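Open the structure in your viewer and keep the selection panel at hand. The tour below goes from one selection to the next and says what is found at each stop.

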Amino acid sequence: MTTRVTLISPARSEASEEFRFDDGTPLSPAGLRSVREANAAADALPASAARTAVSPSPRCAQTAEGLLGVAVAAAGGDERLAGCGMGRWRGRTLEEVSAADPDGVARWLSDPAAAPHGGESVEQLCARTGEWLTEVAEVPGRVLAVVEPDVVRALVVHALGAPARTLWRLDVAPLTATELSGRSGRWNLRAGTALPGR
């Protein structure tokens, strides 16, 4: 039997609008509006999902609650689906970090094993999220997951068996659905279906 995983990227937050390494900010007013519009077109999402999962960020929790009616605030989401741990760069904009540590940014973007910020490397992100996908595939059925864009990228990299460095070549727009379907470690990809309201 097949496992079908629909990965939904969250709506925009203030951090994403400012190109800031996420510091746990909630959805922006425009992001909340987009979720309400997407929720009005409920047929955009799979009708039945046996399981749901959510990244532990406020914007993913708000998106999941608005789209799926899944309240995750109390549970805190699934830590295995957290965005990349950005260490000292968390809460800072890419522009700020590039000005303060240009060599570190260059290393981080070119070497998937590097973690100049003291957090998690791209390779570690891909491995961590890949473990979640492997576990999910053990039980056939449909899974809906509202996850950070870098988690969508990492899961696609893992599912396709692509090198970790390809993570930077994948774009994930807000409020899009990326679908993985497969069994026995072999996955197919359907990328970037826009949800209404995006």
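Begin by selecting S181, which counts as buried because its relative accessibility is 19%, where buried means under 20% relative accessible area, exposed means over 50% and partly exposed lies in between, computed with a 1.4 Å probe on protein chains only. What you have open is a predicted model, in which local features need pLDDT of at least 70 and side-chain atom pairs count only at pLDDT 80 or more, while totals for chains, interfaces and linings use all residues. Residues are numbered from 1 along each chain as its sequence is written, and side-chain values use heavy atoms, with hydrogens and water left out.

Keep S181 selected and show its surroundings: leaving aside neighbours within four places in sequence, S181 is in contact with T2, T3, R4, R186, W187 and N188, contact meaning heavy atoms within 4.5 Å. S181 itself lies in strand 4, and strands here are DSSP runs of E with at least two residues, just as helices are runs of H or I with at least four, both numbered from the N terminus.

Now extend the selection to the whole of strand 4, residues 176-183, which is largely enclosed by the rest of the structure, because six of its eight residues are buried.

Next, add strand 1, residues 3-8, which runs antiparallel to strand 4 and is joined to strand 4 by six bridges; two strands are taken to pair if DSSP finds at least two bridges between them. Along this pairing, R4 stands opposite S181, and T3 stands opposite G182.

Which other strand is joined to strand 1 by six bridges, this time running parallel? Select strand 3, residues 141-146, to see this parallel partner, and look for T6, which stands opposite L144 of strand 3. Strand 1 is mostly covered, with five of its six residues buried.

Leave the strands and select helix 2, residues 29-39, together with helix 3, residues 58-68, whose axes come within 8 Å and cross at roughly 25°. The axes are lines fitted to C-alpha atoms, for helices over the stretch in contact, and the angles run from 0 to 180 degrees between N-to-C directions. That angle makes helix 2 roughly parallel to helix 3, since angles under 35 degrees count as roughly parallel, those over 145 as roughly antiparallel, those from 65 to 115 as roughly perpendicular and the rest as oblique. To see where the two helices meet, show L32, V35, A38 and N39 in helix 2 and Q62, T63, G66 and L67 in helix 3.

The next stop is W168, found in the loop between helix 7 (149-160) and strand 4. W168 counts as partly exposed, because its relative accessibility is 33%, and W168 touches W108, L109 and V122, not counting residues up to four places away in sequence. If you draw a distance from W168 to D150, which is 18 residues away along the chain, their C-alpha atoms are separated by 9.1 Å.

Finally, return to the whole chain, which has seven helices and five strands, and in which buried residues make up 44% of the 198 residues.
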